[in-house]
Amino acid sequence: MGKNCTQVALFLLLGLTQQEGLKSILFMFFLLIYSVTLVGNLGMITLINTDPQLYTPMYFFRNVLSFIDSSFSTVDTPRLLESFLTSGQSISFAGCAVQMPLMTLHGTAEFLLLAIMAYDQFIAICHPLLYHTIMSQHLCVQLVAASYAASIASAALLTGNIFRLPYCDPNVINHYFCDIPPVLQLACVDTTEVEAIIFSSSALLILFTITVILVSYAYILMTIFRMHSLEAQSKALSTCASNFTIISLLYSTTIFMYAQPSSLGSMEQDKFVSVFYTVVIPMLNPPIYSLRNKDVKLALKRRCRGNLSP
């Protein structure tokens with residue numbers, strides 16, 4: 001394969017771009033995005049946890065989503081910012097073996113949580129009288145715990161298979177973090193079996209969650225169109241449209257990255273797609289899912305009035 005088969009101790013990360021003239025501009029741009037991501041998601045967590053009127057299953061799940069997004073972005077964005085300030089970065093083999101499962105864990109958890117949130121909306125709209133009985137606090141906690149358990153198992157399976165392979169010089173990763181496709185390119189041996197495991201795992205995750213989401217929203221739409229109140233229809237459709245925006249963005253980028261044969265992908269394209277789902281989408285979730293919501297706006301007003309009161 002034309003590689004020096006000496007086991008590497010560290011990897012060199014090329015970063016998002018090698019164009020020095022763009023680095024300072026991109027640093028400021030992504031620093032702003034990261035700041036907005038943290039303020040938006042941590043602000044939502046604080047608001048939901050301190051306003052009793054938001055103690056509902058829907059906001060419990062959105063609370064978890066904000067935690068996932070802030071954690072997901074924090075795993076890789078600081079390294080992205082650092083890459084704009086330096087000409088080259090290194091990450092140890094152990095550091096890479098920690099970063100990759102953390103990214104996989106939070107990415108998988110977000111997919112599963114989106115499916116859970118779709119099911120929650122299905123119960124809320126299609127079975128409103130049974131909503132609080134079915135979506136009890138106990139069930140909500142169990143669903144989130146199960147999604148994290150499945151995410152940990154998936155991360156362990158994928159990264160365990162990836163890092164049991166020998167890696168050789170050249171040890172240069174054409175990326176700004178230890179993503180799966182560029183790391184696999186450095187393996188000294190044939191990676192067909194591992195790529196099949198990654199493809200199968202990604203396809204299973206996507207098919208399972210998208211099935212739950214599509215079935216849930218199919219029933220939701222049928223219920224909405226049977227409603228007699230135009231105001232109720234408009235409110236429900238607005239909520240569904242917001243959810244589908246994030247779902248469409250997340251699924252399209254993930255399918256592009258992981259659920260296609262490696263031979264079809266371009267590493268330069270993959271880097272920019274990675275930016276979208278690891279940096280941009282976590283920033284978009286708070287305004288799309290929550291800040292357009294009437295309950296959240298009222299909670300913000302109550303919070304502001306409380307802070308302004310003597």
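**Exercise 1. Handedness of a link**

Take the link of Cys168 and Cys188 in this predicted model and work out which hand it has.

*Solution.* Start with the torsion: it is 105° about the S-S bond, and the link of Cys168 and Cys188 is right-handed. Next, check the bond itself. The cut-off for a disulfide is sulfur atoms within 2.5 Å, and the S to S distance of Cys168 and Cys188 is 0.9 Å. Now place the two ends. Cys168 sits in the loop between helix H5 (137-162) and E3, while Cys188 sits in the loop between H6 and helix H7 (192-225). The two are 20 residues apart, and the pair links distant parts of the chain. Finally, look at the surroundings: both Cys168 and Cys188 are buried.

**Exercise 2. The other disulfide**

How many disulfides are there, and what is the hand of the one that joins Cys96 to Cys178?

*Solution.* The count comes to 2 disulfides. Cys96 and Cys178 are joined with an S to S distance of 2.1 Å. Their torsion about the S-S bond is about -130°, so this disulfide is left-handed. This pair, too, links distant parts of the chain: Cys96 belongs to helix H3 (residues 93-126), and Cys178 to the loop between strand E3 (172-173) and helix H6 (180-184), 82 residues apart. Cys96 and Cys178 are buried. Last step: count the bonded cysteines along the chain, and you get the pattern 1-3, 2-4.

**Exercise 3. A cysteine without a partner**

Explain why Cys140 is too far from the closest cysteine sulfur for a bond.

*Solution.* First find that closest sulfur: it is in Cys126. The distance is 17 Å, so it is too far for a bond, because a disulfide needs sulfur atoms within 2.5 Å. Then check how covered each residue is. Cys140 has 4% relative accessibility, so it counts as buried. Cys126 is buried as well, with a relative accessible area of 17%.

**Exercise 4. Rings that pair up**

Sort two of the aromatic pairs by the angle between their planes: Phe163 with Tyr167, and Tyr176 with Phe177.

*Solution.* A search of the whole structure finds 13 aromatic pairs. For Phe163 and Tyr167, the ring centres are 6.3 Å apart and the planes meet at 45°, so you call the pair tilted. Phe163 has 14% relative accessibility and counts as buried; Tyr167 is buried at 0%. For Tyr176 and Phe177, the centres are 5.0 Å apart with 65° between the planes, which makes the pair edge-to-face. Both Tyr176 and Phe177 are buried. To finish, follow the ring pairs: they link Phe11, Phe93, Phe163 and Tyr167 into a cluster.

**Exercise 5. Inside and outside**

Which residues touch the most other members of the largest nonpolar core, and which residues make a nonpolar surface patch?

*Solution.* Begin inside. The largest nonpolar core has 57 residues, and Phe30, Phe61, Ile213 and Ile220 touch the most other members. Elements giving two or more residues to this core include helix H1 (20-50), helix H2 (57-83), helix H8 (230-258) and helix H9 (267-291). H3 gives the most, with 15 residues. Now go outside. Leu10, Leu12, Leu14 and Val172 make a nonpolar surface patch of about 270 Å². Leu10 is part of strand E1 (residues 10-13), and at 35% relative accessibility this leucine counts as partly exposed.

How values were computed. Residues are numbered from 1 along each chain as its sequence is written. This is a predicted model: local features need pLDDT of at least 70, side-chain atom pairs count only at pLDDT 80 or more; totals for chains, interfaces and linings use all residues. Side-chain values use heavy atoms; hydrogens and water are left out. Patches are made of residues with over 30% relative accessible area and no salt bridge: like charges are joined within 9 Å, nonpolar side chains (Val, Leu, Ile, Met, Phe, Trp, Tyr) within 5 Å. Accessible areas come from the Shrake-Rupley method with a 1.4 Å probe; for residues, only the protein chains shown count as cover. A salt bridge is a side-chain nitrogen of Lys or Arg within 4 Å of a carboxyl oxygen of Asp or Glu. Helices (H or I, at least four residues) and strands (E, at least two) are DSSP runs, numbered from the N terminus. Buried means under 20% relative accessible area, exposed over 50%, partly exposed in between (1.4 Å probe, protein chains only). Rings of Phe, Tyr and Trp (its six-membered ring) pair if their centres lie within 6.5 Å; planes under 30 degrees apart count as stacked, over 60 as edge-to-face and the rest as tilted. A nonpolar core is a set of buried Ala, Val, Leu, Ile, Met, Phe, Trp, Tyr and Cys residues joined through side-chain atoms within 4.5 Å.
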